[in-house]
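Here's a walk through a small protein model, one piece at a time. Have the structure open while you read.

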Amino acid sequence: HCVPLEQAEVSLPTKGLYAFKDSFYLDGRRFKIFSGSFHYFRTHPLLWGDRLLRMKAAGLNTVMT
């Protein structure tokens with residue numbers, strides 16, 4: 001007897017980041033990734049902190065380098 005995954009009872013982890021179906025979860029809560037790129041090699045190291053704070057202020061929660 002087969003049950004569709006959507007109807008199956010699944011025990012999901014409560015710690016860490018993981019993907020299930022078409023969503024990401026962080027510590028058991030659904031999590032949307034808003035990402036931006038940071039080209040650190042084009043930015044003076046003294047400005048890295050400022051640039052990361054600006055990305056956070058813009059609503060990003062993930063940075064790709």
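Which residues do ring pairs link into a cluster? They are Tyr40, Phe41 and Trp48. Keep in mind that this is a predicted model. More on those rings below, once the overall layout is clear.

## The overall layout

The protein has one helix and five strands. Reading from the N terminus, the order is β-β-β-β-α-β. Of its 65 residues, 12% are buried.

The surface it exposes comes to about 5800 Å², and 57% of that is supplied by carbon and sulfur atoms. As for contacts, take those with a separation of 6 or more: 38% of them are between residues 24 or more positions apart.

## A three-stranded sheet

Three of the strands make an open sheet, ordered β1-β2-β3, with antiparallel pairing. The edges are taken by β1 (17-20) and β3 (29-31); each has a single partner strand, so one side of each has no neighbour in the sheet. Ignoring direction, neighbouring strands here are turned by 45 degrees against each other on average.

Now for the β1 and β2 pairing. Strand β2 covers residues 23-26 and runs antiparallel to β1, with four bridges joining the two. Among the bridge partners, Leu17 goes with Leu26 of β2, and Phe20 goes with Ser23 of β2. The hairpin these strands form has two residues between them, and in it Lys21 takes a positive phi near 55 degrees.

## Two faces of β1

Side chains alternate along β1. Tyr18 and Phe20 point to one face and are buried, whereas Leu17 and Ala19 point to the other and are not.

Just ahead of this strand, in the segment before β1, sits Gly16. Gly16 has a relative accessibility of 29%, so it counts as partly exposed. Leaving out neighbours within four places in sequence, Gly16 is in contact with Tyr25, Leu26 and Asp27. Between Gly16 and Arg29, which are 13 residues apart in sequence, the C-alpha to C-alpha distance is 9.9 Å.

## Ser23 and its contacts

Buried or exposed: which is Ser23? It's buried, at 7% relative accessibility. This residue lies in strand β2, and its side chain has polar company. One polar contact, at 3.0 Å, joins the side chains of Ser23 and Arg30. Another, at 3.4 Å, goes from the side chain of Ser23 to that of Asp22.

Setting aside residues up to four places away in sequence, Ser23 touches Tyr18 and Arg30. So Arg30 turns up both in that contact list and as a polar partner of Ser23.

## Aromatic pairs

How many aromatic pairs does the count come to? Three. One of them is Tyr18 with Tyr25: the ring centres are 5.5 Å apart and the planes sit at 15 degrees, so this pair is stacked, the cut-off being under 30 degrees. Both of these tyrosines are buried: Tyr18 has a relative accessible area of 14%, and Tyr25 has a relative accessibility of 18%.

Tyr40 and Trp48 are arranged another way: their pair is edge-to-face, with 5.9 Å centre to centre and 85 degrees between the planes. Both partners count as partly exposed, with Tyr40 at 40% relative accessibility and Trp48 at 32%. These two rings belong to the cluster from the opening question, together with Phe41.

## Thr43 in the loop

Finally, look at the loop between β4 (35-37) and α1 (48-57), where you'll find Thr43. What is the relative accessibility of Thr43? It is 17%, so Thr43 counts as buried, the cut-off being under 20%.

The side chain of Thr43 reaches the backbone oxygen of His39 at 3.4 Å. Not counting residues up to four places away in sequence, Thr43 touches Phe38, Trp48 and Arg51. That brings us back to Trp48, which is linked by ring pairs into the cluster with Tyr40 and Phe41.

Definitions and conventions
Residues are numbered from 1 along each chain as its sequence is written. This is a predicted model: local features need pLDDT of at least 70, side-chain atom pairs count only at pLDDT 80 or more; totals for chains, interfaces and linings use all residues. Side-chain values use heavy atoms; hydrogens and water are left out. Rings of Phe, Tyr and Trp (its six-membered ring) pair if their centres lie within 6.5 Å; planes under 30 degrees apart count as stacked, over 60 as edge-to-face and the rest as tilted. Buried means under 20% relative accessible area, exposed over 50%, partly exposed in between (1.4 Å probe, protein chains only). Contact means heavy atoms within 4.5 Å. Accessible areas come from the Shrake-Rupley method with a 1.4 Å probe; for residues, only the protein chains shown count as cover. Two strands pair if DSSP finds at least two bridges between them. Axes are lines fitted to C-alpha atoms, for helices over the stretch in contact, and angles run from 0 to 180 degrees between N-to-C directions. A polar contact is a pair of N or O atoms within 3.5 Å; within protein, one must be able to donate a hydrogen and the other to accept it, and residues adjacent in sequence count only if both atoms are side-chain atoms.
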